[in-house]
Amino acid sequence: MAGLTSSTIGRKYAMALSAMFLLIFLILHLTTNLLSVLNRDAFNTASDFMGYNPFVQFLMQPILGFAVLFHFIMGFVLEIKNNKARPIKYASNNPSVNSSWMSRNMIISGAVVLAFLALHFYDFWLHEINYKYVEGLAPDAERFWPELHEKFADIWRVALYVIAFVLLGLHLAHGFQSSFQSIGARHPKYTPVIKAFGKWYSILIPAGFIFIAIFHFVTQS
């Protein structure tokens with residue numbers, strides 16, 4: 001790990017690896033959450049497994065937490081170092097020609113997404129910690145769907161989720177291809193495929209989460 005983070009190239013490589021891990025996690029997370037729309041019992045079963053399986057709780061969950069923190073901290077570090085190393089600022093270097101708005105503002109979208117994650121952890125992760133370890137309540141495999149459904153009863157929370165996932169999509173639109181480039185995947189044969197896949201990924205993943213939030217809001221009884 002020290003070797004990966006001791007140089008600019010190493011830091012970019014480590015950043016790309018953490019990004020790829022999170023890209024895979026987003027697919028798994030969306031797949032599970034879509035069950036709440038398709039089948040209530042299936043969502044409860046999947047959530048109960050994820051919530052009480054020791055492998056998920058005590059190995060994968062800490063790894064995920066580390067990957068999230070590492071990715072965002074490394075992003076801020078790279079942004080600071082890049083700004084210090086850049087002799088000519090974008091403002092005086094025709095930014096609209098040399099780079100996209102998102103590529104120049106990944107740090108902003110990343111900060112907003114990080115703030116959203118804090119809300120998301122407050123809504124769900126802290127609730128789980130309180131339920132299982134603070135109050136010590138008995139396992140209830142039927143509680144997960146109602147808890148998720150209830151979270152989207154308020155329009156302000158739905159709006160926050162929609163805004164956050166739109167920004168996540170913009171963040172992914174640049175970050176997906178950038179992560180592959182950082183590990184050397186720049187072959188002319190594969191770059192168009194990676195770019196196209198990244199475009200659809202950055203649209204479909206956020207759209208899926210937005211659909212889930214809106215679905216639970218409009219189906220409130």
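A search of the whole structure turns up four salt bridges, a salt bridge being a side-chain nitrogen of Lys or Arg within 4 Å of a carboxyl oxygen of Asp or Glu. The structure is a predicted model, so local features need pLDDT of at least 70 and side-chain atom pairs count only at pLDDT 80 or more, while totals for chains, interfaces and linings use all residues. Residues are numbered from 1 along each chain as its sequence is written, and side-chain values use heavy atoms, with hydrogens and water left out.

On to the bridges themselves. Lys 132 pairs with Glu 128, and the closest N and O atoms of this salt bridge are 3.8 Å apart. Both partners sit in helix 7, four residues apart, or about one turn of the helix; helices here are DSSP runs (H or I, at least four residues), as are strands (E, at least two), numbered from the N terminus. Lys 132 and Glu 128 are both buried, where buried means under 20% relative accessible area, exposed over 50%, and partly exposed in between (1.4 Å probe, protein chains only).

Glu 128 also forms a salt bridge with Arg 143, this time with the closest N and O atoms 2.8 Å apart. Because Glu 128 lies in helix 7 and Arg 143 in the loop between helix 7 and helix 8, the pair ties together parts that are 15 residues apart in sequence. Glu 128 comes out at a relative accessible area of 15%, so it is buried. Arg 143 is buried too, with a relative accessible area of 6%. Arg 143 in turn bridges to Glu 147, with 3.0 Å between the closest N and O atoms. Through shared partners, the salt bridges join Glu 128, Lys 132, Arg 143 and Glu 147 into one network.

Now for the two helices flanking that loop. Two packed helices are described by the angle between their axes and the distance between the axes. The axes of helix 7 (residues 106-134) and helix 8 (residues 144-151) come within 11 Å and cross at roughly 140°; axes are lines fitted to C-alpha atoms, for helices over the stretch in contact, and angles run from 0 to 180 degrees between N-to-C directions. The crossing is right-handed, meaning that the near helix is turned clockwise from the far one by less than a right angle (anticlockwise would be left-handed). Helix 7 brings Asp 123, Phe 124, His 127 and Glu 128 to the contact, and helix 8 brings Phe 144, Glu 147, Leu 148 and Lys 151; contact means heavy atoms within 4.5 Å. These residues split into three nonpolar, one polar and four charged, with Ala, Val, Leu, Ile, Met, Phe, Trp, Tyr, Cys and Pro counted as nonpolar, Asp, Glu, Lys and Arg as charged, and the others, Gly among them, as polar.

Asp 123, in helix 7, is buried with a relative accessible area of 0%. Leaving out residues up to four places away in sequence, Asp 123 touches Lys 151, Arg 157 and Tyr 161. Over in helix 8, His 149 counts as buried at 10% relative accessibility. With the same sequence neighbours (up to four places away) not counted, His 149 touches His 216, Thr 219 and Gln 220.

As for the chain overall, the secondary structure comes to ten helices and zero strands. Of its 221 residues, 34% count as buried. Residues 24 or more positions apart account for 78% of the contacts with a separation of 6 or more.

In soluble globular proteins, nonpolar side chains tend to be buried together. The largest nonpolar core here has 31 residues, of which Leu 26, Phe 165 and Tyr 201 touch the most other members; such a core is a set of buried Ala, Val, Leu, Ile, Met, Phe, Trp, Tyr and Cys residues joined through side-chain atoms within 4.5 Å. Helix 2 (8-38), helix 4 (54-85), helix 7, helix 8, helix 9 (155-182) and helix 10 (191-218) each chip in at least two residues of this core. Not counting residues up to four places away in sequence, Phe 165 touches Phe 116, Pro 206, Phe 209 and Ile 210. A second, separate core of five residues includes Ala 14, Phe 70, Met 74 and Leu 78.

Ala 14 also figures in a long-range pairing: Ile 183 is 169 residues from Ala 14 in sequence, yet the C-alpha to C-alpha distance is 9.0 Å. Ile 183 lies in the loop between helix 9 and helix 10 and counts as partly exposed at 31% relative accessibility. Apart from residues up to four places away in sequence, Ile 183 touches Tyr 13, Ala 16 and Met 20.
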